[in-house]
Amino acid sequence: CVHTENCFVPISEIIAVEETEFNKKQRNIGRWQKMTKLHAFTVHYVKKARNHRWRCSDATFWCVDEHLCNQWIHVLKELLEMQKSRPKQLLVYINPYGGKRQGKRIYEQKVAPLFSLASISTDVVITEHANHAKDNLFEVNIYKYDGVVCVGGDGMFSEVMHGLIGRMQKDSGIDQNNPKASLVQCNIRIGIIPAGSTDCICYSTVGISDPVTSALHIIVGDCQPLDVSSVHHNNTFLKYSVSLLGYGFYGDILKDSEKKRWMGPMRYDYSGFKTFLSHHYYEGTIAYQPAKHTHGSPRDKESCRTGCYICKQSEKQLAEQNKEHGLKREEDEEEWKVIKGKFLAINAVNMSCACPRSPKGLSPAAHLADGSADLILVRKCSRFDFLRYLVRHTNQDDQFDFPFVDVYRVKCFQFTSKLSEDNESNVMDIGKKRFGQFCRDHPACCCNIVSSTWNCDGETLDSSAIEVRVHCQLMKLFARGIEEDCKDEAAYSQSSIEQLL
């Protein structure tokens with residue numbers, strides 16, 4: 001470890017070591033000024049600050065013996081070469097239009113210099129239109145890269161994820177349209193440099209939305225497995241989801257906000273308030289299979305953290321179940337639970353969905369890699385009760401402690417709206433029947449909204465009947481999950497400069 005300012009740094013968190021020209025790095029050298037010539041080397045390392053923020057710091061060591069100085073540099077570089085999880089070549093996609101249009105500037109000024117310092121070579125693609133990155137990933141030789149980095153928001157990440165997972169299935173001959181297909185795990189890691197209006201995935205996997213912190217996680221070669229949900233309609237693949245799949249309230253917010261992109265990030269606040277006032281509910285049927293392999297539950301207050309025990313045990317248990325019974329046979333035999341009702345919101349989350357405004361997220365105990373999703377059902381209730389539920393997302397109270405809220409940990413589920421169930425009837429009859437019912441329910445607005453839109457990681461899906469399946473640890477991120485408070489951390493690498501001394 002480098003010993004500087006009473007702080008020990010593991011070899012795994014050293015970024016680079018380089019020879020230093022003495023006259024370029026003047027310090028208060030005191031008695032060393034009398035020496036004729038000094039030799040020095042600088043160690044660049046990760047310095048951890050509060051709230052999971054990382055910064056690049058450095059420490060310079062002086063030596064009167066040139067040979068000894070070169071030995072130090074050689075040994076340290078050898079130790080860094082032994083860190084096999086570190087990327088050497090990356091493919092980078094930059095969305096220049098997302099968020100506040102700062103993606104290119106953020107990468108060039110904050111990220112590229114760090115990659116260069118760590119001797120990481122990059123191929124950079126600046127996207128020019130929607131799905132540019134996704135389409136490009138089907139064409140390039142992805143196997144020559146150690147990872148793919150996306151600079152942008154959650155939408156940019158989703159595009160890269162779809163391209164990478166889709167390419168892996170195509171190369172392996174897997175039909176993505178088959179909802180029961182066992183998908184091939186994607187071992188090429190994705191790095192997220194946050195530069196969008198929403199950076200929920202970055203916040204939920206690193207603990208902060210900060211470009212420098214994310215760049216340093218990529219450099220040191222962190223790896224966080226991630227569950228991915230596939231969404232199908234009538235044996236046709238629609239989308240993958242890693243964070244929120246929401247129908248009703250969150251779907252309506254997204255649909256309304258899409259018309260107001262000119263407002264920027266403020267559009268979500270405006271659409272959220274408007275959707276809350278409209279207070280629409282939707283009828284439908286949900287069928288789900290409980291995730292019996294998981295070692296946790298949505299209300300056990302066990303947050304997912306670095307090296308999560310629950311994720312590891314759940315993965316092991318799921319693998320054993322699939323080995324014994326086989327995936328298809330087990331699903332055919334296992335009982336489905338069915339729920340019918342009127343819902344203000346139906347949310348399925350693969351992670352907590354935490355963000356600065358909601359530090360605990362939609363499901364505080366959801367896990368990143370346990371092979372399950374938390375299915376949250378908010379039944380029809382008064383506006384006041386629904387507001388109480390929403391406020392719970394911003395504080396420490398149990399947000400599931402309401403009689404109109406149910407939460408289940410599931411490995412797959414199906415949803416069919418009442419409108420889809422009635423499709424066998426005459427279309428005109430349905431229109432009359434549903435219009436009459438909803439006008440009675442909402443006499444003030446005289447609406448006839450009979451179905452909502454799915455919000456799939458910030459993108460709209462219009463299918464009112466879907467099938468969702470969780471694929472355990474289908475992909476990997478350059479992240480390590482959210483660390484416990486680093487102030488009192490005392491676990492450090494045994495391989496250290498201090499020991500070498």
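**Exercise 1. The whole chain**

What percentage of the 501 residues of the protein count as buried?

*Solution.* Start with the source: this is a predicted model. Next, take the burial count. Of the 501 residues, 54% count as buried. Then turn to the outside. The accessible surface comes to about 23,800 Å². Carbon and sulfur atoms hold 49% of that surface. Now list the elements: the protein has 14 helices and 19 strands. Finally, check how far contacts reach along the chain. Among contacts with a separation of 6 or more, 79% join residues 24 or more positions apart.

**Exercise 2. A three-stranded sheet**

Work out the order of the open sheet that contains β3, β4 and β5, and find its edges.

*Solution.* Step one is the order. The three strands run β3-β4-β5, with antiparallel pairing. Step two is the edges. β3 (14-20) and β5 (54-63) each have a single partner strand, so one side of each is left without a neighbour in the sheet. Step three is the twist, which averages 20° from one strand to the next.

Step four takes one pairing in detail. β3 and β4 (residues 39-48) are antiparallel and are joined by six bridges. Within this pairing, Ala16 has His44 in β4 as its bridge partner.

Step five adds the helices. Helix α2 (residues 103-117) lies across β3, β4 and β5, at about 65° to β3. Helix α6 (residues 211-219) also lies across β3, β4 and β5, and runs at about 60° to β5.

**Exercise 3. Strand β12 and its partners**

Which strands does β12 pair with, and how many bridges join it to each?

*Solution.* Begin with burial. Five of the five residues of β12 are buried, so the strand is largely enclosed by the rest of the structure. Now take the partners. Five bridges join β12 to β14, and the two run antiparallel. Here Leu244 stands opposite Val349 in β14. Three bridges join β12 to β17, again antiparallel. In that pairing, Tyr247 has Trp454 of β17 as its bridge partner.

**Exercise 4. Classifying aromatic pairs**

Classify two ring pairs, Tyr247 with Trp454 and Tyr389 with Phe402, as stacked, tilted or edge-to-face.

*Solution.* The cut-offs come first. Planes under 30 degrees apart count as stacked, over 60 as edge-to-face, and the rest as tilted. The protein has 15 aromatic pairs by this rule.

Take Tyr247 and Trp454. Their ring centres are 4.9 Å apart and their planes stand at 45°, so the pair is tilted. The pair links distant parts of the chain: Tyr247 is in strand β12 (residues 244-248) and Trp454 in strand β17 (residues 454-456), 207 residues apart. Tyr247 counts as buried, at 1% relative accessibility. Trp454 is buried too, at 0%.

Now take Tyr389 and Phe402. Their ring centres are 6.4 Å apart and their planes stand at 80°, so the pair is edge-to-face. Tyr389 sits in helix α11 (residues 383-391), while Phe402 sits in the loop between α11 and β16 (405-417), 13 residues apart. Tyr389 is buried, with a relative accessible area of 1%. Phe402 counts as buried at 6%.

Last, place the second pair in its setting. Tyr389 and Phe402 belong to one aromatic cluster with Phe249, Tyr250, Phe276, Phe386 and Phe404.

**Exercise 5. Two positive phi angles**

Are Asn51 and Gln473, both with a positive phi, buried or exposed?

*Solution.* Recall the background: most residues other than glycine have a negative phi. Asn51 has a positive phi of about 55°. Asn51 lies in the loop between β4 and β5. With a relative accessible area of 61%, Asn51 is exposed. Gln473 has a positive phi of about 50°. Gln473 lies in strand β19 (residues 465-477). With a relative accessible area of 8%, Gln473 is buried.

**Exercise 6. The setting of Asn350**

Describe where Asn350 lies and what its side chain contacts.

*Solution.* Locate the residue. Asn350 is in the loop between β14 (337-349) and β15 (373-379). Check burial next: at 2% relative accessibility, Asn350 counts as buried. Then look for polar partners. The Asn350 side chain makes a polar contact with the side chain of Ser229, at 3.0 Å. Finish with the wider contacts. Beyond its neighbours within four places in sequence, Asn350 touches residues including Asp227, Val228, Ser241, Ser243, His367 and Val470.

Technical notes: Residues are numbered from 1 along each chain as its sequence is written. This is a predicted model: local features need pLDDT of at least 70, side-chain atom pairs count only at pLDDT 80 or more; totals for chains, interfaces and linings use all residues. Side-chain values use heavy atoms; hydrogens and water are left out. Helices (H or I, at least four residues) and strands (E, at least two) are DSSP runs, numbered from the N terminus. Buried means under 20% relative accessible area, exposed over 50%, partly exposed in between (1.4 Å probe, protein chains only). A polar contact is a pair of N or O atoms within 3.5 Å; within protein, one must be able to donate a hydrogen and the other to accept it, and residues adjacent in sequence count only if both atoms are side-chain atoms. Contact means heavy atoms within 4.5 Å. Accessible areas come from the Shrake-Rupley method with a 1.4 Å probe; for residues, only the protein chains shown count as cover. Two strands pair if DSSP finds at least two bridges between them. Axes are lines fitted to C-alpha atoms, for helices over the stretch in contact, and angles run from 0 to 180 degrees between N-to-C directions. Rings of Phe, Tyr and Trp (its six-membered ring) pair if their centres lie within 6.5 Å; planes under 30 degrees apart count as stacked, over 60 as edge-to-face and the rest as tilted.
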